Amino acid sequence: MKKYFMNPWKMEVTKLEETIGELHQKVIPYFNEGYARMNDDIIGNYKELIADEKLEYDSQKIDDIYIKLAKYSQGLIKWNDPGAMLNINPPATIASVAATSYFSLFNPNGAQDMSSGHLLACELAVVKMICQLVGWNENISGGIFTFGGKSTNMHAIKQGIQRIDSQIAKNGIDEKILCFSSMQGHICHKEVCSWLGIGENNCIRIETDELGVIDLIKLEKSMCDYIEKGYQIATIIVSGCTTLQMTIDPIKEIVELRDRVVKKYNMNYKPRVHVDSVIGWVWLFYKYYNFNINKLGLSEIVLEKLSRLCHKISEIKYADSFGVDFHKTGFCSYLSSLYMVKDRDELYLQGNRTPIKYSELEYGNYSPFEYTLELSRPLSGPIAAYVNLKLFGIEGYQKIMGNLMESTQYIKDIFKNEERFEVVNEKDSDGFVILFIVKELGSTFSFETLGREEERIVIQFGEYIHKFYMYLFEKQKKNECWFSLDYSSGYRTLASGKKIGVLKVYPMSPYFDIMQARRFVDDIKKMLVEFDKVKENFEVKEVPHKPRPFVYR
Ligand SMILES: *Cc1c(COP(=O)(O)O)cnc(C)c1O
């Protein structure tokens with residue numbers, strides 16, 4: 001069995017390099033050059049797909065294992081491909097993947113520094129850098145890596161609960177506890193309420209305006225109403241850049257609102273204000289950008305948007321905590337999520353531990369497992385984040401996000417002057433996601449006014465969009481369409497209160513630049529013309545996977 005492990009006397013890494021190379025060779029046949037989705041000839045369901053799999057008695061040859069494993073890479077999205085436009089899923093940098101893979105050989109456990117050595121200090125170093133980024137005092141503030149953005153929100157509610165009563169951890173909950181979020185807030189806000197035992201229905205969603213911003217008057221009123229009914233409030237989750245609309249709530253005003261309510265009811269604890277900024281933290285890098293000098297030569301409209309995003313997210317320093325997903329806008333592989341707290345002692349309280357002073361942490365006394373949700377913990381997240389923060393630097397993050405903003409703005413600007421295309425989120429979003437629709441030749445309707453039309457017309461309008469999505473989807477399968485965009489129910493309701501599905505472009509690859517944006521516009525315009533020729537009799541035959549159904553609700 002020794003041969004399967006690194007020789008402790010030689011500690012040579014060549015075998016790892018070679019083995020990765022061998023796996024790569026097996027995966028190569030599935031690469032579909034010039035297309036985002038890898039080749040696949042998968043038919044049937046997963047049960048059929050794995051029908052031949054069985055637990056083996058004998059050792060299998062690595063070569064054979066990898067041939068089989070490589071087959072499972074079929075249909076995989078190459079997120080570095082400029083045509084990958086499906087979601088907030090970045091490609092990971094080579095340097096970060098190399099570092100996490102390499103250190104996996106040593107299998108460091110983030111539970112305790114006694115086994116993982118100073119590698120655990122990587123986590124502290126990342127926390128320190130993020131403290132600097134927001135403007136928190138690293139001696140007082142802290143953070144911990146955990147299993148995803150979902151968990152950062154879970155931590156925020158858990159630590160809100162422990163503010164209500166520090167004994168709840170021991171005795172359990174026997175009070176009526178709530179958390180607040182907005183209609184725009186992520187679905188996981190209520191899911192974690194279920195995991196924490198306070199119940200999904202106790203995640204109160206406050207209405208937003210058309211920009212997706214939480215209604216502060218309704219929030220305050222709702223908080224007061226519930227307090228008067230005897231409820232306790234654990235946490236207010238503030239939007240710090242929502243997934244699609246990229247909305248950032250007024251953080252400082254919400255903190256002040258919270259303080260007002262605490263004073264009004266003479267509460268003996270402060271409900272937590274947590275910013276779900278797992279995507280939006282990245283806009284903080286523009287704090288260091290001189291918008292007048294504009295070194296990166298960004299266009300005026302992009303500068304305006306970035307400055308608004310940055311200005312709003314900069315208020316994060318007033319919050320009690322926030323989340324950072326390095327596996328989203330940090331360009332790390334999964335999972336790399338960081339939960340940041342202004343008062344690091346609140347982390348220790350999770351385990352009812354006596355806080356150790358920051359200045360007294362040293363090799364041998366640093367044991368996060370005493371208060372983290374996980375016991376054993378991977379260090380891949382901190383290592384990847386550490387590498388990328390250094391690799392990109394502040395300017396690198398400005399460049400990579402600036403490019404995505406610039407390339408998508410280019411598309412939006414062109415669509416604005418096209419009769420057949422209409423961007424539906426230009427007015428209400430500063431982000432780089434493009435939601436748009438295509439219109440039938442000669443159509444005089446617009447998405448803006450559609451709500452006032454007869455239902456029959458709205459449905460016909462929506463069906464055309466969906467059919468074009470299906471057309472593009474089939475073209476992907478036939479290798480006739482290099483980009484993979486998505487169909488989304490969107491967030492906008494028509495004036496009639498109904499929603500129709502729209503097309504979504506959510507690029508994340510640094511290879512998606514102005515040149516690719518131009519190519520996208522040219523090609524999609526051509527495809528729309530071609531589609532019109534066949535649309536009457538068009539029926540999808542082959543598709544990469546089950547397409548999204550038509551949305552009208
Ligand atoms: C992605 C996302 C989450 C969930 O994060 P995971 O890392 O997928 O667990 C929560 N909130 C927002 C706003 C997100 O975009």
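**View 1. Lining of the largest cavity in the predicted model.** Fourteen residues line this cavity, and Leu 124, Ser 141, Gly 142, Gly 143 and Arg 344 are those that lie nearest its centre. Its volume is about 110 Å³. Helix H6 (121-134), strand E1 (142-146) and helix H13 (345-349) each contribute at least two lining residues; the largest share, 4 residues, belongs to H6. By class, the lining comprises 8 nonpolar, 3 polar and 3 charged residues.

**View 2. The second largest cavity and its lining.** The space enclosed here amounts to about 50 Å³. Among the residues that line this cavity are Val 424, Asn 425, Leu 435, Phe 447, Tyr 491, Arg 492 and Val 502. The lining divides into 6 nonpolar, 3 polar and 1 charged. Across the whole structure, the search returns 3 cavities of 30 Å³ or more.

**View 3. The shell of residues around the ligand.** The ligand is surrounded by 13 residues, of which Gly 149, Asp 276, Asp 325, His 327 and Lys 328 come nearest. Helix H7 (residues 149-164) gives the most to this shell, namely 3 residues. The shell contains 3 nonpolar, 6 polar and 4 charged residues.

**View 4. Polar contacts of ligand oxygen atoms with Gly 149, Asp 325 and Lys 328.** A polar backbone atom of Gly 149 lies 2.7 Å from an oxygen atom of the ligand. In the side chain of Asp 325, an N or O atom is 2.8 Å from a ligand oxygen atom. For the side chain of Lys 328, the distance from an N or O atom to an oxygen atom of the ligand is 3.1 Å. Of the 380 Å² of accessible area that the ligand has on its own, the protein covers 83%.

Methods. Residues are numbered from 1 along each chain as its sequence is written. This is a predicted model: local features need pLDDT of at least 70, side-chain atom pairs count only at pLDDT 80 or more; totals for chains, interfaces and linings use all residues. Side-chain values use heavy atoms; hydrogens and water are left out. A residue is near a molecule or strand if one of its heavy atoms lies within 4 Å of it. A polar contact is a pair of N or O atoms within 3.5 Å; within protein, one must be able to donate a hydrogen and the other to accept it, and residues adjacent in sequence count only if both atoms are side-chain atoms. Accessible areas come from the Shrake-Rupley method with a 1.4 Å probe; for residues, only the protein chains shown count as cover. Ala, Val, Leu, Ile, Met, Phe, Trp, Tyr, Cys and Pro count as nonpolar, Asp, Glu, Lys and Arg as charged, and the others, Gly among them, as polar. On a 1 Å grid over the protein atoms alone, a cavity is a set of points where a 1.4 Å probe fits but cannot get out, and a pocket is an open set with protein on both sides within 12 Å along at least five of seven lines; lining residues have an atom within 4 Å of a point. Grid points are joined across faces, edges and corners, and a volume is the space filled by probe spheres set on the points.
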